[in-house]
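Thank you for coming; I would like to take a few minutes to go through this structure with you. Please have a look at the sequence and the model first, and then I will begin.

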Amino acid sequence: MCSIHLQGPRFLAGAGPKASVAVIGTGRVGRALGFALASKGHCVVYGSRTPGRDSFSIADAVIGGDAVLVAIPPRAVADFARDNARALAGKLVLDATDNVTGTPAKAAATFAEFAPTCRYVALGSLGAEIFEDPVVDGAPAELSFSCVEQDRAEVAELIADIGLRPIYADPVTCGNYPRRA
C-alpha cells in the first residue's frame, strides 16, 4: 500500500494491497515498468535526480517503496547505492540497469559493496519496447532473473505482473553474486 505522504501525480496508485514499488529512473524503461506494475495493483512511486510534478527525489522514492526497481544509467549505480544504502537495507532491489558497453553487465558487485544488506535481484536484458508491449507472437516475452531462493517467488510474481514470463537463473551458477566470506 502507498505511504500516506505519497499523494498527487507523482505516483500511480494501484487498486490492491500489493507491494509498493519505487521505480528509480524516469526514462522509457522505468516508465514502462512502473505503468505495468501499477496496472496490476501495485503502488508505484517514481524517483528522479530531477524531481518534479511526476516524480519524487530518489531518496524519498526509495523510502516509500517496499521494493526498489533500478532503471538508471549504469554510470549512476554506484552513487545511487552508496547514497541510499541505509534506506535499501532489507528491501528487494531489482536491477534493470544494463552496462551494454562494458563488463560486468549487472551491478551485483556494486550493490554488494555499497548496500550489502539489500536483497539484490539481477534482471535479464530486454529493450524498452518489450517492457512497453511484452507480448511477442501471442505469448509473453521471457525475462530471466537471478536472486536468492528466498526471494524467488516474490520476484517471479513482480515479473509476471509486468506481463512477462519469469525465468529463474541460479545466482551462483550465473555469477551474478559475489561470494562472501
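**Rings, charges and a pocket**

Let me start with arginine 31, whose charged end sits over the ring of tyrosine 46, 4.1 Å from the centre of that ring. I should say at once that this is a predicted model, so please take what follows in that light. A second arrangement of this kind involves arginine 82, where the charged end sits over the ring of phenylalanine 114 and lies 4.8 Å from its centre.

Turning to rings that pair with rings, a search of the whole structure finds three aromatic pairs. One of them joins phenylalanine 111 and tyrosine 120 in a tilted geometry, with 5.5 Å centre to centre and 35° between the planes, and both of these residues are buried. Another brings phenylalanine 145 and tyrosine 168 together edge-to-face, at 5.4 Å centre to centre and with 65° between the planes. Because phenylalanine 145 belongs to strand β10, residues 142-146, and tyrosine 168 to strand β11, residues 165-168, this pair ties together parts that are 23 residues apart in sequence. Phenylalanine 145 is itself buried, its relative accessible area being 3%. Ring pairs also link Phe80, Phe111 and Tyr120 into a cluster.

Finally, the pocket. The largest one holds about 260 Å³ of space, and its lining consists of 16 residues, with Ser48, Arg49, Ile58, Ile72 and Pro73 nearest the centre. The elements contributing two or more residues to that lining are β3 (44-48) and α3 (77-83). Sorted by class, the lining comprises seven nonpolar, seven polar and two charged residues.

Key: Residues are numbered from 1 along each chain as its sequence is written. This is a predicted model: local features need pLDDT of at least 70, side-chain atom pairs count only at pLDDT 80 or more; totals for chains, interfaces and linings use all residues. Side-chain values use heavy atoms; hydrogens and water are left out. On a 1 Å grid over the protein atoms alone, a cavity is a set of points where a 1.4 Å probe fits but cannot get out, and a pocket is an open set with protein on both sides within 12 Å along at least five of seven lines; lining residues have an atom within 4 Å of a point. Grid points are joined across faces, edges and corners, and a volume is the space filled by probe spheres set on the points. Helices (H or I, at least four residues) and strands (E, at least two) are DSSP runs, numbered from the N terminus. Ala, Val, Leu, Ile, Met, Phe, Trp, Tyr, Cys and Pro count as nonpolar, Asp, Glu, Lys and Arg as charged, and the others, Gly among them, as polar. Rings of Phe, Tyr and Trp (its six-membered ring) pair if their centres lie within 6.5 Å; planes under 30 degrees apart count as stacked, over 60 as edge-to-face and the rest as tilted. Buried means under 20% relative accessible area, exposed over 50%, partly exposed in between (1.4 Å probe, protein chains only). A charge sits over a ring if NZ of Lys or CZ of Arg is within 6 Å of the ring centre and within 35 degrees of the ring normal.
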